[in-house]
Amino acid sequence: MMTAVFLTVAQTLFQCVLLLLLTSLMAWMLEELPRLINGEAVSGPARQVHNAGLFWRTVFRQPLAPGLALVLAVSLLSLAVLPAVTTGGALISLANPLLVGILLLVGRLMLGRSSLRDEGRRVLPAVLVLCLTEALIALAAPGADGLGGLCAMLHIEPVPGLEGALGACALALAISCPPLRDDDMLLRLEGMKDRAARDMARQVAQVLNCAWIVLLADLALPISVGLRDAGLSGWFVGLAALLARVLLVVMVLVALRLTAQERSERLTALFAGVALLLALAGRFAT
Amino acid sequence: MAGRGRIALPAALVAILATSGPAIAVALGVWITQERRACPLWWALPALLCSVLLPDSTVALLALFPVLYWPALSSRDGALFPALSAILAVSVLWHAGAINPIVCMAGLGAMTLLVLGRCALWGERPGDLGLLRPAILATLMIAAQDEGLTTGARIVLEALLLDLTLLVLYVPVLRLLPVLAILRLPFPPLPGFIVLWLGIHAALGLAAGVQGWSVIGVFVALLIGLISLVDVLTVGRRPDSGALPVGPAGAVGIIALATMLLPLIVFGVFSPVLHHVGGEWVWPFWSLGGGDGAHLRLPAIVLLLVAIWLWLVKSWRVERGLEKAFAGLFSGRLQTTQDETGLFEEPAALPWVVRRLIVGGRGRFRAMMALKVGKMPETRRMAVGLWLVLLALVLAILGLTS
């Protein structure tokens, strides 16, 4: 009993640390991959890793500004709650896609001084797509409790329509609300004079991006999350699957950016409609 | 005193309306004469007559809804008693005999979209569309009861009661403590999110359980989400809202307290009603059930969030650190809700693509009227639009055949 509780808590902690380590790598990929594909010379991720190290040292030693702390708390909570390696985390029962998604979007709105007019046009469609996602999960997999329950259910009884629908939903979310980039942050941090505070806000934005990407990855490929009682080999398969699906989502995001397809309301609506169609077709096929 | 009266009056009305049908008719009449801008008589009179003469007809009931919601949705500065229209709509639905829930839901959805479309095209601020949500939830409850899904009916009733409470509290709260108006927003720890979540799960519970509701259930869920989004744009923007009597730290504390206590109190007070409809005694607080196996554990999320936030802020380092942290949490945000009004009061401009389409369409229409050979519009831009139309067609066919 004690061992089981210890294992779940240890896994949650490990998942947090692993995803936080991946954060600076993800930031590097989002920033430099388009340039690398363009044929420019880019530096390695050493600078991002160094900055992240400085950031976490500050977080451990000094108090943060309350608003920024709330955004970081939301991102950390999402990283701890979402199913990553296996569904055996301690907080897996809290991983409701609508709840986590809206929390992350609110964190996005609260970061810096965002212009509500621009940001609202991205966040509001994303909230609607999140509602649709929750609705499709409830429609096609009744009885699934959040993302963890969904993964377990898909392992027992695959629902192809739902999987396709969730992939389309994740794509719609990625189109309407791509991760925050440097130019977004420049706009948001306009009035902030303090350089240290600006750097902190940038790092928090990276953690927020990481949490958003993990949410998208979990929505896109819930089948690749391992099960709680899969054993040691299953755990390592889950780890590899986590890395693979996060990499896939990052590549898709980079491709969307390179082809200038992101932030298009009509494409968001199209993929949301495709998701609805797939889920309904899957439901009527059975 | 006025604030207390505003709470007591709807409460007494609910008690009477829930028990007697004729009381609703009297209340309707009194309410129409007292309201700031009543529905035009040429619509109101036939609608009222029809609803009295044909109590079992769904269409007559639907004709009553514009009368009920006219003051709240049409006038610029909102109705005098906004919560009353929602309460009256719910009680009318409650007492209606055999209505067809699908037709009723379609009517409500069409009304919502009509109001929204008018506001978008004419560049007006939408009225308080959140008032329509209780009627939608009441329709869902009737559908669930018709199909014998008692758990589903209980879930909808939970959402309905919480939503009605928020609406009734909204006006006095704006006068006394304007900050608390954000309790209606659909952001996670706030009660507005509970309404959204329960509504979506109840609609989809119906869709999973009943044959004809698959497509309609998803659309009802999207409708509830859409209304919640409009809430984000309109809540807290009533002209007669007063100033903040407590400091920013107190405001954050009050919001946190109200967020935790309001669902607890509402579900506790109304648990006899929930028992009457749902058949079992429940007091959902720690874990809210969605009726389909999903559970919402908001208190756990809030506790974790607060713990992480406290660790990050390290409020114990400085004297009265917690108070300072509370005060800095929304610094310049709670106050600027008034400034942000300007953002959404501007007429919503249509994007250039749509304007070009409208102008081009007008020109083509004129050319067609004069029987000239019109030029084909540029069709390449419409690729995505074409796919959307095809998708809508397939969805409609699926929905009709299911």
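Which residue takes a positive phi just after α1(A)? In this predicted model, the residue is A:Gly39, with a phi of about 95°. Helix α1 of chain A, which comes before A:Gly39, covers residues 2-37 and so has 36 residues. From its first C-alpha to its last, α1(A) reaches 50 Å, close to the 52 Å expected at 1.5 Å a residue. The helix has a kink of about 35° at A:Glu31. The proline A:Pro34 follows shortly after this kink.

Contacts between helices were examined next, beginning with a pair that joins the two chains. Helix α4 of chain A (residues 97-110) and helix α9 of chain B (residues 191-209) have axes that come within 11 Å and cross at roughly 145°. The crossing of these two helices is right-handed. On the side of α4(A), the residues in contact are A:Leu98, A:Leu99 and A:Ile102. Their partners in α9(B) are B:Phe193, B:Leu196, B:Trp197 and B:Ile200. By class, this contact has 7 nonpolar residues, with no polar and no charged ones.

Within chain B, helix α11 (residues 248-269) meets two other helices. With helix α12 (residues 271-278), the axes come within 4 Å and cross at roughly 60°. An angle of this kind makes α11(B) oblique to α12(B). B:Phe267, B:Gly268 and B:Val269 in α11(B) are in contact with B:Ser271, B:Pro272 and B:Leu274 in α12(B). The contact of α11(B) with α12(B) divides into 4 nonpolar and 2 polar residues, and no charged residue takes part.

The second partner of α11(B) is helix α14 of chain B, residues 321-329. Here the axes come within 7 Å and cross at roughly 85°. Angles from 65 to 115 degrees count as roughly perpendicular, and α11(B) and α14(B) are therefore roughly perpendicular to each other. From α11(B), the contact is made by B:Pro248, B:Ala249, B:Val252 and B:Gly253. From α14(B), B:Glu323, B:Phe326, B:Ala327 and B:Leu329 take part. The residues of the contact of α11(B) with α14(B) comprise 6 nonpolar, 1 polar and 1 charged.

Methods:
Residues numbered from 1 in each chain as written. Chains lettered and ligands numbered in written order. Predicted model: local features only at pLDDT ≥ 70, side-chain atom pairs only at ≥ 80, totals over all residues. Heavy atoms only, no water. Expected span 1.5 Å × (residues − 1). Bend = angle between axes of the 7 residues up to and from the residue. Axes fitted to C-alpha atoms, helices over the stretch in contact; angles between N-to-C directions. Left-handed = near helix turned anticlockwise from the far one by under 90°. Contact = heavy atoms within 4.5 Å. Nonpolar A, V, L, I, M, F, W, Y, C, P; charged D, E, K, R; others polar. Parallel < 35°, antiparallel > 145°, perpendicular 65-115°, else oblique.
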